[in-house]
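Good morning, and thank you for coming. Please look at the sequence and the structure on the screen while I take you through the interior of this protein.

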Amino acid sequence: MGEPAPPTTTREIHLAARPSGTPTAANFELVTAPIPALADGEILVRNTWMSVDPYMRGRMDDRPSYIPPFRLGAVLEGAALGEVIASRSADTPVGAIVTHFAGWREHSVIDAATATPIDPALAAPHHYLGALGTTGLTAYAALTDIAPVRPGDTVFISAAAGAVGSVAGQLARALGAGRVIGSAGGPGKTEMLTGEFGFDAAIDYRAGGLAGRLAQAAPDGIDVYLDNVGGDHLRAAVEAMRPHGRIALVGAISGYNGDPGRRGPDLFLAATKELTLRGMLVNSYLPLLGEYIPKAAAWLADGTLHTRETVYDGIDQAPAAFLGVLSGANTGKMLVRLAPE
């Protein structure tokens, strides 16, 4: 018997309506769509994993940004991973495992040149959407280039139980930080930071008094801050910074839904302390992936880097997984498993 014929339809998630404030399930629609025939140079990927990430909230709004908005009534997109089940590319054969950017669907037809083959022998495939992918690369670039960690530094990381934050805390330690402090929501997550992820101190921001709690955790101030939250976290970090401190502006999830009640930092204080506040887009660091992946795989193998994933099963659960990221329901990387590996 020959190989089974490729499927002719797939299920995918469309943007049904643009949100006003916090998104809900009503902003998404599960659609069955035909799979187009392959053109020369294209491949058909059966997706096994997809990623949902906070930056996607901005793409739900119709406004200019560093990445185009999602189109209303069309399938969403994002990082995904899967097996090539049909190919019209000599360079990407059937059976190859690849990452690509056409997630939010069970099957993707893509130009083979836009897919990146991975080595599943190096690490479990799902790690290529987390610690070995742009999530880990964000933490690595932030702490080696944007706000470099120096031996003995005190480092503060917000959203530290999330995908980027949990990796960043461990990398800060590996890079020589003397003290690593994280913030997270709830006692379960803060206990995980100091236990499982090796942070020296953890702050439950939901308990209030963030600035005071940070001052207790770092009485001599902080040298490096990796900001995933913005708002009150960034303000508290600027206040706690030592002169010539360094801040990596990675995300600002506190403001993604348009909440006007979050006060930002005192920039005059940043000026008088001669602080460096520098933004980053991980796309600017994609050429570093070839250097980063072998390092991170070795850290995973020897236990230097430990990961957690929060997994939802099935394409129909992708919107719930995304809404969970925005509300802080995840520990570590949020993933959607679309099919068995």
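Two elements, α3 (163–174) and β15 (333–337), each supply at least two residues of the lining of the largest cavity. Helix α3 provides the largest share of that lining, 4 residues. I should say at once that this is a predicted model.

How was such a space found? Rolling a probe the size of a water molecule over the atoms shows where empty space is left. A search of the whole structure finds 1 cavity of 30 Å³ or more, and the volume of the largest cavity is about 100 Å³. Its lining has 16 residues, of which G130, A131, T307, R308 and K333 are the closest to its centre. Sorted by class, the lining contains 4 nonpolar, 9 polar and 3 charged residues.

Let us turn to the nonpolar cores. The largest nonpolar core has 48 residues, and L143 and I157 are those with the most contacts inside it. The elements that give this core two or more residues are α2 (134–146), β8 (154–157), α3, β9 (179–184), α4 (187–195), β11 (222–227) and α8 (289–302). Its largest share, 7 residues, comes from α2. Another core, of 20 residues, lies apart from it, and F28, M50, F70 and W104 are among its members.

Which residues does L143 touch, leaving aside its neighbours within four places in sequence? They are P148, V149, A168, L171, A172, L175, V224 and L226.

I now come to two helices, beginning with α4. Which residues of α4 are buried? They are K189, T190, M192 and L193. Seen down the axis of α4, these buried residues fall within an arc of 155 degrees, so they line one face of the helix. On the other side of α4, the residues P187, E191 and G195 are exposed. The cover over the buried residues of α4 includes β9 and β10 (201–204).

The second helix is α6, residues 231–240. How many of its 10 residues are buried? The count is 8, and the helix is thus described as mostly covered. The buried residues of α6 are G231, H233, L234, R235, A236, A237, V238 and A240. They pack against the strands β8, β9, β11 and β12 (241–249), and against the helices α5 (210–217) and α7 (267–272).

Thank you for your attention.

How values were computed:
Residues numbered from 1 in each chain as written. Predicted model: local features only at pLDDT ≥ 70, side-chain atom pairs only at ≥ 80, totals over all residues. Heavy atoms only, no water. 1 Å grid on protein atoms, 1.4 Å probe; cavity = no way out; pocket = protein on both sides within 12 Å on 5 of 7 lines; lining within 4 Å. Points joined across faces, edges and corners; volume = space filled by probe spheres on them. Nonpolar A, V, L, I, M, F, W, Y, C, P; charged D, E, K, R; others polar. Core = buried A, V, L, I, M, F, W, Y, C linked by side-chain atoms within 4.5 Å. Buried < 20%, exposed > 50% of the residue type's maximum accessible area, 1.4 Å probe, protein only. Contact = heavy atoms within 4.5 Å. Arc of directions from axis to C-beta.
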